[in-house]
Amino acid sequence: MKTIDLSIKIGFCQPDELSEDEQHLIQTAISATGNSYSPYSKFRVGAALLLANGVEVMGANQENAAFPSGLCAERSAIFAAQSTYPDQPITLLAIAAANEYGLMRDPIVPCGACRQVILEIESRYNQPIRILLYGTSGVYVIDTVKDLLPLQFVGESMK
């Protein structure tokens with residue numbers, strides 16, 4: 001059997017090491033945690049994205065007593081952006097989370113479904129999305145969702 005070595009690149013920094021636009025988007029994601037509807041998990045997630053035209057869009061997780069009916073913050077922001085600005089690629093995505101005690105110390109990562117949706121957007125526009133995952137201990141900086149999803153399933157996979 002042959003072994004395939006896959007490697008990923010993820011940066012880690014403090015917010016003040018990022019550009020002003022990136023710091024602003026992180027603050028928007030933190031603010032978006034306040035828009036979360038999470039009465040069951042008490043886990044509030046906020047996302048903010050920047051479109052190529054400079055427009056920012058926020059999203060927050062939305063829970064439902066019928067759990068499959070909820071939606072993650074990342075997908076709520078992406079779907080809102082794509083519904084309103086279908087010709088605009090997403091250039092930057094920031095995600096923050098909080099529980100009942102406050103903002104999370106360690107950055108959280110998107111779930112598998114969100115990773116797949118982000119991958120589809122990258123594929124659709126043929127452009128990577130820079131992802132900033134905020135925690136009070138620092139920020140993970142990811143240049144493409146492919147680093148979070150090293151084996152991808154995209155439309156090309158079906159041909």
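**Strand pairing, helix packing and selected loop residues**

Asn-126 counts as exposed, because its relative accessibility is 73%, a value over the 50% cut-off. In this predicted model, Asn-126 is placed in the loop between helix H3 and strand E6. The backbone at Asn-126 has a phi near 55°, which is a positive value in a residue other than glycine. The elements on either side of this loop are described in turn below, beginning with the strand.

Strand E6 spans residues 130-135. Of its 6 residues, 5 are buried, so E6 is largely enclosed by the rest of the structure. Two pairings of E6 were examined. With strand E4, which covers residues 90-99, E6 is joined by 4 bridges, and the two strands run parallel. Within this pairing, Ile-95 stands opposite Leu-133 of E6. With strand E7, by contrast, E6 runs antiparallel, and 5 bridges join the two. Leu-132 stands opposite Val-141 in E7, and Gly-135 has Gly-138 of E7 as its bridge partner. E6 and E7 form a hairpin, with 2 residues between the strands.

Strand E7 consists of residues 138-142, and 4 of its 5 residues are buried; E7 is therefore largely enclosed by the rest of the structure. Besides its pairing with E6, E7 is joined to strand E1 (residues 11-13) by 3 bridges, and these two strands also run antiparallel. Phe-12 has Tyr-140 of E7 as its bridge partner. In general, the side chains of a regular strand alternate between the two faces of the sheet.

The loop that lies between E1 and helix H1 contains Pro-15. With a relative accessible area of 26%, Pro-15 is partly exposed, because this value falls between the limits for buried and exposed residues. Residues up to four places away in sequence aside, Pro-15 touches Gln-23, Tyr-134 and Val-139. Of these contacts, Tyr-134 falls within the range of E6, residues 130-135, and Val-139 within that of E7, residues 138-142. Gln-23 falls within the range of H1, 20-32. A further relation across the chain links Pro-15 with Ser-137: the two residues are 122 positions apart in sequence, yet their C-alpha atoms are 9.5 Å apart in space.

A second hairpin is formed by strands E2 and E3, with 4 residues between them. E2 comprises residues 44-51 and E3 residues 56-60, and the two pair in the antiparallel sense over 5 bridges. In this pairing, Leu-49 stands opposite Val-57 of E3. Gly-54, in the turn of the hairpin, has a positive phi of about 95°.

Lys-42 is placed in the loop between H1 and E2. Its phi is near 60°, again a positive value in a residue other than glycine. Lys-42 counts as partly exposed, because its relative accessibility is 41%.

Packing between helices was examined for H2 and H3. Two packed helices are described by the angle between their axes and the distance between the axes. H2 (residues 73-84) packs against H3 (residues 112-125) at an angle of about 30°, and the axes are 9 Å apart. H2 and H3 are therefore roughly parallel to each other, since angles under 35 degrees are assigned to that class. The crossing in which H2 passes H3 is left-handed. On the H2 side, the contact is made by Glu-74, Arg-75, Ile-78, Phe-79 and Gln-82. On the H3 side, it is made by Ala-113, Cys-114, Val-117, Ile-118, Ile-121, Arg-124 and Tyr-125. By class, 8 nonpolar, 1 polar and 3 charged residues make up the contact of H2 with H3.

Arg-124, one of the H3 residues in this contact, counts as partly exposed because its relative accessibility is 48%. When residues up to four places away in sequence are not counted, Arg-124 touches Gln-82 and Pro-86. Gln-82 is one of the residues through which H2 makes its contact with H3. The C-alpha atoms of Arg-124 and Lys-42 are separated by 34 Å, and these two residues lie 82 residues apart along the chain.

Definitions and conventions
Residues are numbered from 1 along each chain as its sequence is written. This is a predicted model: local features need pLDDT of at least 70, side-chain atom pairs count only at pLDDT 80 or more; totals for chains, interfaces and linings use all residues. Side-chain values use heavy atoms; hydrogens and water are left out. Axes are lines fitted to C-alpha atoms, for helices over the stretch in contact, and angles run from 0 to 180 degrees between N-to-C directions. Angles under 35 degrees count as roughly parallel, over 145 as roughly antiparallel, 65 to 115 as roughly perpendicular and the rest as oblique. A crossing is left-handed if the near helix is turned anticlockwise from the far one by less than a right angle, and right-handed if clockwise. Contact means heavy atoms within 4.5 Å. Ala, Val, Leu, Ile, Met, Phe, Trp, Tyr, Cys and Pro count as nonpolar, Asp, Glu, Lys and Arg as charged, and the others, Gly among them, as polar. Buried means under 20% relative accessible area, exposed over 50%, partly exposed in between (1.4 Å probe, protein chains only). Two strands pair if DSSP finds at least two bridges between them.
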